[in-house]
Amino acid sequence: LYLNRDTFQNEKGDRLAEQIRSARLSCLPIIMVHENDMQRRGCEFNIFFGTTPADLIEGGLYKALAIAAYPAQYRTTSMALLAKALGAVSQKEQLKENLKRIGSTKGERSTAPSAPNPKDAVEMHRI
């Protein structure tokens, strides 16, 4: 849920509120992002307590922390935190998991072809 000063405004805001109600009834997780960049229509978080429908506030919509989307040099970090909240893993973490998995299968016969022997390459070149 992207939160900026336009969130929950006008007819679009009414439709958004209905979608959130439906998602919450279906027990879907809602990840919130609070825009802090004024050039992207960011605002202070307390604004949302005046624009969000009361039933959503009372129902606990804002009990979970929103991820802050900061401007300029902090934007990349903000987006990385959002990606992680959405389930992304860093390549480094993925590599660690792959190495663990390979290590746990050590001793088992591999179905993958073995790496070529450099001597074989030299012998093939001579032919």
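Two strands count as paired here if DSSP finds at least two bridges between them. In this predicted model, β1 and β2 meet that mark: two bridges join them, and the two strands run parallel. One of the residues involved is Y2, whose bridge partner in β2 is V33. Helix α4, spanning residues 75-85, packs on the sheet and touches both β2 and β3. The direction of α4 makes about 150° with that of β3.

Stepping back to the sheet as a whole, it is an open one of three strands in the order β1-β2-β3, with parallel pairing. That leaves β1 (2-3) and β3 (67-69) as the edge strands, each pairing on one side only. In general, strands of a sheet pair through backbone hydrogen bonds, and the pairing can be either parallel or antiparallel.

Now for the chain around that sheet. Six helices and three strands make up its set of elements, and read from the N terminus they go β-α-β-α-α-β-α-α-α. The chain thus opens with a strand and ends on a run of three helices. As for contacts between residues at least 6 apart in sequence, 68% of them join residues at least 24 apart. Of the 127 residues in the chain, 20% are buried. The accessible surface comes to about 10,100 Å², and carbon and sulfur atoms account for 56% of that area.

Two spots in the backbone deserve a closer look. Most residues other than glycine have a negative phi. N10 goes the other way, with a positive phi of about 60° even though it is not a glycine. This residue sits in helix α1, which covers residues 10-25. The side of the story told by the surface is simple: N10 is exposed, its relative accessible area being 65%, and the cut-off for that label is over 50%.

R41 is the other case, again a residue other than glycine with a positive phi, this time near 70°. Rather than in a helix, R41 is found in the loop between β2 (33-35) and α2 (48-51). With a relative accessible area of 38%, R41 is partly exposed. So the positive phi values belong to an exposed residue in the case of N10 and to a partly exposed one in the case of R41.

Conventions
Residues numbered from 1 in each chain as written. Predicted model: local features only at pLDDT ≥ 70, side-chain atom pairs only at ≥ 80, totals over all residues. Heavy atoms only, no water. Helix = DSSP H or I, 4+ residues; strand = E, 2+ residues; numbered from the N terminus. Buried < 20%, exposed > 50% of the residue type's maximum accessible area, 1.4 Å probe, protein only. Contact = heavy atoms within 4.5 Å. Areas by Shrake-Rupley, 256 points an atom, 1.4 Å probe, with all protein chains shown as cover. Axes fitted to C-alpha atoms, helices over the stretch in contact; angles between N-to-C directions.
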